[in-house]
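Me: I'm new to this one, so could you walk me through it? Let's have the structure up first.

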Amino acid sequence: MDPGASSPEKLDKENLVGISSKRLGVCGWILFSLSVLLMIITFPVSIWMCLKIIKEYERAVVFRLGRIQADKARGPGLILVLPCIDVFVKVDLRTVTCNIPPQEILTRDSVTTQVDGVVYYRIHSAVSAVANVNDVHQATFLLAQTTLRNVLGTQTLSQILAGREEIAHSIQTLLDDATELWGIRVARVEIKDVRIPMQLQRSMAAEAEATREARARVLAAEGEMNASKSLKSASLVLAESPIALQLRYLQTLTTVATEKNSTIVFPLPMNILEGIGGVSYNDHKKVPDRA
């Protein structure tokens, strides 16, 4: 391996904007000295123009003669900005909410739907957010829209409706990987609403209603089958003891009588009188007519 060749990691580090080992040079040091001299001559008026306050949730990226002053942003607190040669950019590190407008998507099963979502992200590297992309918030917003359409386009409608959490997690992973060089860290992605055409909604509602009716009929048939089995078992038990059948009959009459009915008409089989009077219907037939 050639010792003079640079490793890929070293090349990537040098290509990142904001990480530079070059010094100011002769002209740079001359301008730096003049700036410091100007600040001393105009002291204490210049001190109010050179001192800047950076809030707790902010960081300042300082450019000196067009080059980033340090690999790490400054702040919070007071920072010193030299006149004429220093320019600084404030970067907000708080979490940003990005609302994705409804996107018209053609799913894998050829269903047109509209899906919107929300992305929560924050800047974790102020230097990369300023130096590596023109407008980090606009770039993240457009990338979130494109990623949402690309991911949902590979899913069916049933998968979108049933697996929102898995889809949101995959979108978050893709966004986090794509925006790493921009100094962005995606905290959370949520799918807010899935809008489907009205005609498809009616079809899905009719299908769900038919499924519920079929399930209800199956349950009713199973209930009738279980009831018939219970009745069969009860009839076998009652057949062993005729007195038990009579007691059940009287209990049914008692239950009907509790409903405040003034008149109760019920059939009375002749075989019930066999146990009461000891006379059967056949015995009446055997008695000769004396008339």
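Me: What is the strand order in the open sheet of three strands?

Reply: Quick note: this is a predicted model, where local features need pLDDT of at least 70, side-chain atom pairs count only at pLDDT 80 or more, and totals for chains, interfaces and linings use all residues. Numbering starts from 1 along each chain as its sequence is written, and side-chain values use heavy atoms, leaving out hydrogens and water. Strands are DSSP runs (E, at least two residues) numbered from the N terminus, and two of them pair if DSSP finds at least two bridges between them. Here the pairing is antiparallel and the order is S6-S7-S8.

Me: Which are the edge strands?

Reply: Look for strands that pair on one side only. Those are S6 (96–106) and S8 (184–195).

Me: Which residue in S8 is the bridge partner of Gln-114?

Reply: S7 covers residues 112–123, and 10 bridges join it to S8. The S8 partner of Gln-114 is Arg-195.

Me: Which helix packs on the sheet, touching S6, S7 and S8?

Reply: Helices are DSSP runs too (H or I, at least four residues), and touching means contact, with heavy atoms within 4.5 Å. The one spanning residues 136–152 touches S6, S7 and S8, and that's H5.

Me: How many disulfides are there?

Reply: A disulfide is a pair of cysteine sulfur atoms within 2.5 Å. For Cys-84, the nearest cysteine sulfur belongs to Cys-50, 9.0 Å away. The count comes to zero.

Me: Is Cys-84 buried or exposed?

Reply: Exposed means over 50% relative accessible area, buried under 20%, and partly exposed in between (1.4 Å probe, protein chains only). Cys-84 has 76%, so it counts as exposed.

Notes: Axes fitted to C-alpha atoms, helices over the stretch in contact; angles between N-to-C directions.
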